[in-house]
Amino acid sequence: MIGNITPHLPEKLVAYLRPGAPGLLLTSGADGYATSAYTWIIALDGQRARFAVDEGGSTMANLERGGQASLQVIGQGDISFIVKGRARRLKPKLDAAAPYVIQLWEMDVIGAKDQSWPGVATSALTYEWPAEQREAMLAMEHNVYTEMKNA
């Protein structure tokens, strides 16, 4: 460990991401500007994380061009990390996300930076589905995490 950077996902981050959690996927555009996109993330172990990418967007184009990505993970308490690595497409379409076309990508972790501050608690990155879609979307999200783990 160099300061607050490790060459792998720390165990508390793996434990947080193992069941699946929302996060931000960060990539670099062709113009050099950073882009961010909401994503679903799971950790398989300390060396590999999987995430979802909408087909056809600038984030997908950025990944296809360079394969470099970062994942911003913010969870309840002291979970605040940025993870970087090399990514590759594993599956062109997550069946559980239908009718949406969402790809599955896997990152080989190069480093994880703990961005927490002593004595400061964070709130988890969350989103709320519209009431009329809530149950269906939560079920889809659960099924997507399961498919991501088993792919």
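**View 1. I42 sits across from R50 of strand 4.** This is a predicted model, where local features need pLDDT of at least 70 and side-chain atom pairs count only at pLDDT 80 or more, while totals for chains, interfaces and linings use all residues. Residues are numbered from 1 along each chain as its sequence is written, and side-chain values use heavy atoms, with hydrogens and water left out. Strand 3 covers residues 34-43 and pairs with strand 4 in the antiparallel sense, over 3 bridges. Strands here are DSSP runs of E with at least two residues, helices are runs of H or I with at least four, and both are numbered from the N terminus. To count as paired, two strands need at least two DSSP bridges between them. A43 has A49 of strand 4 opposite it. The two strands make a hairpin, with 4 residues between them.

**View 2. Strand 4 also pairs with strand 7.** These two are antiparallel as well, with 7 bridges, and strand 7 spans residues 102-114. Look for A52, which stands opposite L104 in strand 7. Strand 4 itself, residues 48-54, is mostly covered, with 5 of its 7 residues buried. Buried means under 20% relative accessible area, exposed means over 50%, and partly exposed is in between (1.4 Å probe, protein chains only). If you're following side chains along a strand, remember that in a regular strand they alternate between the two faces of the sheet.

**View 3. Strand 2 joins strand 3 in another hairpin.** Strand 2 (residues 21-28) runs antiparallel to strand 3, and 8 bridges join them. L26 has S36 in strand 3 as its bridge partner. There are 5 residues between the two strands, and G32 in the turn has a positive phi of about 90°. For background, most residues other than glycine have a negative phi, and most peptide bonds are trans.

**View 4. There are 2 aromatic pairs to look at.** Rings of Phe, Tyr and Trp (its six-membered ring) pair if their centres lie within 6.5 Å; planes under 30 degrees apart are stacked, over 60 edge-to-face, and the rest tilted. W40 and Y145 make an edge-to-face pair, at 6.4 Å centre to centre and 70° between the planes. Because W40 lies in strand 3 and Y145 in helix 3 (residues 134-150), this pair ties together parts that are 105 residues apart in sequence. Both W40 and Y145 are buried. The rings of Y127 and W129 have centres 5.2 Å apart and planes at 75°, so that pair is edge-to-face too. Y127 counts as partly exposed because its relative accessibility is 29%, and W129 counts as partly exposed at 22%.

**View 5. L94 and P99 share the loop between strand 6 and strand 7.** Strand 6 is residues 79-91. P99 is joined to A98 by a cis peptide bond, with omega about 15°. L94 has 0% relative accessibility, so it counts as buried. Leaving aside residues up to four places away in sequence, L94 touches A52, I102, Q103, L104, V144, E147 and M148; contact means heavy atoms within 4.5 Å. L94 and A52 are 42 residues apart along the chain, and their C-alpha atoms are separated by 8.4 Å.
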